Amino acid sequence: MMINRKIFRLISGSVLSILLTMVLIFLLFPVIWICLMSFKAPLDIISVTPKFIFRPTIQNYAELFTTSTAFGGGVQGGFWHYFRNSFIITAGAMGLTLLLGLPAAFALARFKFLGRSQIIFTFLTFRFVPELSIILPLYIIFQKIKLYNTYIGLVLAYQLITLPLFVWIVRVFFENIPRELEEAALVDGASWWRIFWQVDLPLVRGGLAAAFILCAIFAWNNFIFGLILGSQDTQPLTVGVLGFMSYEQVLWGQMAAASMLIILPELAVVALVQRYIVQGLMLGALAHQ
């Protein structure tokens with residue numbers, strides 16, 4: 001009887017592992033296919049029969065860094081020009097989100113005031129508003145106040161992506177800090193600013209990291225704001241990739257290589273702060289129980 005149970009557990013565990021592996025391959029297959037495509041020659045890419053065995057080449061990656069390719073319509077600097085734009089916009093957007101979002105999340109979590117529930121609901125509503133529904137008014141406003149095609153304008157526009165999500169997530173972590181800690185600090189004469197900085201903030205580092213990385217990924221991958229509110233001078237990588245598409249041809253290999261290079265910074269950042277992300281997600285799960 002004991003042997004039968006062990007055999008059953010072994011078989012069920014093996015079947016579960018196989019199923020999970022199949023699901024993982026299914027979910028990652030688009031990324032795997034793009035990665036393979038980035039190392040293929042043009043004839044291998046457009047082959048009628050998909051090729052999984054081919055002679056790899058790094059030509060697609062090499063052409064990203066030359067101004068003779070179609071990247072961004074031949075903009076001086078090519079890939080690095082758009083990479084710099086993406087970095088400036090994302091870093092600026094996340095810096096402003098931290099500056100505004102942390103105090104806002106703390107205030108919404110700890111203070112009771114008129115309209116608090118409406119503000120919380122508004123933040124959630126902003127997160128789910130389709131970008132296409134607000135891009136035309138933003139375009140007109142930015143043209144009138146001279147923010148069109150500027151880094152500052154794009155950083156402000158990106159707050160519609162990052163700030164509501166950041167405040168909504170971080171607020172939950174502040175709410176689940178025991179109030180006894182803050183009350184003890186108040187008894188000792190600490191101000192609310194000192195409580196926020198020295199008591200609460202160290203306790204939400206995991207959730208803060210998870211929220212920061214999630215918002216940064218959304219900002220890095222954004223397409224519509226850069227397309228409509230900027231030109232070649234300020235557009236990010238996600239828009240610059242369109243330079244590989246023309247009425248004559250589509251450079252699939254270079255587009256795939258550019259896509260992989262766009263993904264790499266996200267993977268690197270997630271790998272560096274993975275411990276904090278897992279910690280934050282675990283705390284968030286416990287907070288909702």
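In the predicted model, phenylalanine 225 makes contacts with Glu131, Ile134, Ile135, Leu138, Leu154, Ala157, Tyr158, Leu160, Ile161 and Gly230, residues up to four places away in sequence being left out of the count. Phenylalanine 225 belongs to helix H11. Its relative accessible area is 0%, and the residue is therefore buried, the cut-off being under 20%. Glycine 153 lies 72 residues from phenylalanine 225 along the chain, and the C-alpha atoms of the two are separated by 9.9 Å.

Isoleucine 224 is likewise a residue of helix H11. With a relative accessibility of 13%, isoleucine 224 counts as buried because the value is under 20%. Not counting residues up to four places away in sequence, isoleucine 224 touches Glu131, Leu132 and Ile135. Between isoleucine 224 and glutamate 131 the C-alpha to C-alpha distance is 7.4 Å, at a sequence separation of 93 residues. Glu131 and Ile135 also appear among the residues touched by phenylalanine 225.

Helix H6 comprises residues 132-144. Its 13 residues should span 18 Å at 1.5 Å a residue, and the C-alpha atoms at its ends are 19 Å apart, so the two values agree. Ile135, Leu138 and Phe142 are buried in H6. The cover over these buried residues includes helix H7 (151-175) and helix H11 (224-229). On the H11 side, phenylalanine 225 touches Ile135 and Leu138, among others, and isoleucine 224 touches Ile135.

After H6 comes lysine 146, which is placed in the loop between H6 and H7. The phi angle of lysine 146 is near 65°, a positive value in a residue that is not glycine. Lysine 146 has a relative accessibility of 67% and therefore counts as exposed, for which the threshold is over 50%. Asparagine 149 is located in the loop between H6 and H7 as well. Its phi is about 60°, again positive although asparagine 149 is not a glycine.

Valine 155 is part of helix H7. A relative accessibility of 12% is under 20%, so valine 155 counts as buried. When residues up to four places away in sequence are excluded, its contacts are with Ile89, Gly92, Ala93 and Leu96. The C-alpha atoms of valine 155 and glycine 95 are 9.4 Å apart, while the two residues are separated by 60 positions in sequence.

Helix H9 (residues 192-203) contains 12 residues. The distance from its first C-alpha to its last is 15 Å, close to the 16 Å expected at 1.5 Å a residue. The residues Ile195, Phe196, Asp200 and Leu201 of H9 are buried. These residues cover an arc of only 140° around the axis and therefore lie on the same side of H9. Covering them are, among others, helix H4 (78-110), H7, helix H8 (179-187) and helix H10 (205-221).

Two packed helices are described by the angle between their axes and the distance between the axes. For H4 and H9 the angle is about 100° and the axes are 12 Å apart. H4 is therefore roughly perpendicular to H9, as angles of 65 to 115 degrees are classed in this way. H4 contributes Leu102, Phe106 and Arg110 to the contact, and H9 contributes Trp192, Phe196, Asp200 and Leu201. By residue class, the contact of H4 with H9 consists of 5 nonpolar, no polar and 2 charged residues. Phe196, Asp200 and Leu201, which take part in this contact, are also among the buried residues of H9.

Helix H10, which is included in the cover of H9, has 17 residues. These should span 24 Å at 1.5 Å a residue; the end C-alpha atoms are 24 Å apart, so the geometry agrees with the expected span. Gly206, Gly207, Leu208, Ala209, Ala210, Ala211, Ile213, Cys215, Ala216, Ala219 and Trp220 are buried in H10.

Over the protein chain, 14 helices and 0 strands are assigned. Of its 289 residues, 37% count as buried. Among the contacts in the chain with a separation of 6 or more, 71% are between residues 24 or more positions apart.

Technical notes. Residues are numbered from 1 along each chain as its sequence is written. This is a predicted model: local features need pLDDT of at least 70, side-chain atom pairs count only at pLDDT 80 or more; totals for chains, interfaces and linings use all residues. Side-chain values use heavy atoms; hydrogens and water are left out. Helices (H or I, at least four residues) and strands (E, at least two) are DSSP runs, numbered from the N terminus. The expected span of a helix is 1.5 Å times one less than its number of residues. Buried means under 20% relative accessible area, exposed over 50%, partly exposed in between (1.4 Å probe, protein chains only). Contact means heavy atoms within 4.5 Å. The arc is that of the directions from the helix axis to the C-beta atoms. Axes are lines fitted to C-alpha atoms, for helices over the stretch in contact, and angles run from 0 to 180 degrees between N-to-C directions. Angles under 35 degrees count as roughly parallel, over 145 as roughly antiparallel, 65 to 115 as roughly perpendicular and the rest as oblique. Ala, Val, Leu, Ile, Met, Phe, Trp, Tyr, Cys and Pro count as nonpolar, Asp, Glu, Lys and Arg as charged, and the others, Gly among them, as polar.
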